[in-house]
Amino acid sequence: MDIAGLGIAVVSVAAARGHRGTTVRIRIRRQAVRIGAVIVVIWLIIGLVAAGQRGYLGGSSSSCAKAGNTVITIIAGPLNYVGVNPKVDCTVPQPSE
């Protein structure tokens, strides 16, 4: 039996026992999780596009600052298009002698 089949069985058993409120809450919660996941994926895709437009995804030179800028730009997502320009400064302290 697949998961969808189990979900249908659980819903029909709950409805037969008179737990319609619980069934509705489960469906709404699942829909909310799906909608949230879709929003996060779209957010990250927009951030990936912004990183590509800024030239962070191309080239062979890699540094801490470039990697940090790329990751922060992707996480910032649509905020990149309203004026946010995240930058990372990678200053590593030098060991004392």
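**Exercise 1. Find where confidence is lowest and where it is highest in this predicted model.**

Start with the helices. In the protein chain of this predicted model, the lowest confidence falls in helix H1 (residues 3-16), with a mean of 48. At the other end of the scale sits H3, with a mean of 89.

Next, zoom in on the start of the chain. Over residues 1-11 the pLDDT stays under 50, and the model has three contacts for this stretch beyond four places in sequence.

Then step back to the whole chain. Its mean pLDDT is 78, and 75% of its residues reach 70 or more.

**Exercise 2. Describe the overall build of the protein chain, from secondary structure to surface.**

First, the elements: there are three helices and zero strands. Walking along the sequence, you get the pattern α-α-α.

Second, the contacts. Take those in the protein chain with a separation of 6 or more: residues 24 or more positions apart account for 47% of them.

Third, burial and surface. The chain has 97 residues, and 16% of them count as buried. Its accessible surface comes to about 7,500 Å², with 66% of that belonging to carbon and sulfur atoms.

**Exercise 3. Work out whether Asn 80 is buried or exposed, and what its side chain reaches.**

Place the residue to begin with: Asn 80 is in the segment after H3.

Now check its accessibility. The relative accessible area of Asn 80 is 8%, so this residue is buried; the cut-off for that is under 20%.

Follow the side chain next. One partner is the backbone oxygen of Thr 73, which the Asn 80 side chain reaches at 2.8 Å. Another is the backbone oxygen of Gly 77, 2.7 Å from a polar atom of that side chain.

Finally, list the neighbours. Setting aside residues up to four places away in sequence, Asn 80 touches Gly 47, Ala 50, Arg 54, Thr 73 and Pro 86.

**Exercise 4. Take two of those neighbours, Gly 47 and Thr 73, and say where each one sits and what it contacts.**

Gly 47 goes first. You'll find Gly 47 in helix H2 (residues 20-53), and it counts as buried because its relative accessibility is 0%. Beyond four places in sequence, Gly 47 is in contact with Thr 73, Ile 74, Gly 77 and Asn 80. For a sense of distance, try Tyr 81: Gly 47 and Tyr 81 are 34 residues apart in sequence, yet 9.4 Å apart in space, C-alpha to C-alpha.

Thr 73 comes next, over in helix H3. Its relative accessible area is 0%, so Thr 73 is buried. The Thr 73 side chain reaches the backbone oxygen of Asn 69 at 2.6 Å. Outside its neighbours within four places in sequence, Thr 73 contacts Gly 47, Ala 50, Ala 51, Arg 54, Tyr 56, Asn 80 and Pro 86.

To put the three together, Thr 73 and Asn 80 both appear among the contacts of Gly 47, and Asn 80 in turn touches Thr 73.

**Exercise 5. Find the nonpolar patch on the surface and classify Val 82 as buried or exposed.**

Name the members: Val 40, Trp 43, Leu 44, Leu 79, Val 82 and Val 84 form the patch, and together they have about 500 Å² of accessible area.

Then pick out Val 82, which lies in the segment after helix H3 (64-76). Its relative accessibility is 63%, so Val 82 counts as exposed; the cut-off there is over 50%.

Note on methods:
Residues numbered from 1 in each chain as written. Predicted model: local features only at pLDDT ≥ 70, side-chain atom pairs only at ≥ 80, totals over all residues. Heavy atoms only, no water. Patch = residues over 30% accessible without salt bridge, like charges linked within 9 Å, V, L, I, M, F, W, Y side chains within 5 Å. Areas by Shrake-Rupley, 256 points an atom, 1.4 Å probe, with all protein chains shown as cover. Salt bridge = Lys/Arg side-chain N within 4 Å of Asp/Glu carboxyl O. Helix = DSSP H or I, 4+ residues; strand = E, 2+ residues; numbered from the N terminus. Buried < 20%, exposed > 50% of the residue type's maximum accessible area, 1.4 Å probe, protein only. Contact = heavy atoms within 4.5 Å. pLDDT = per-residue confidence, 0-100. Polar contact = N/O pair within 3.5 Å; in protein donor to acceptor, adjacent residues only side chain to side chain.
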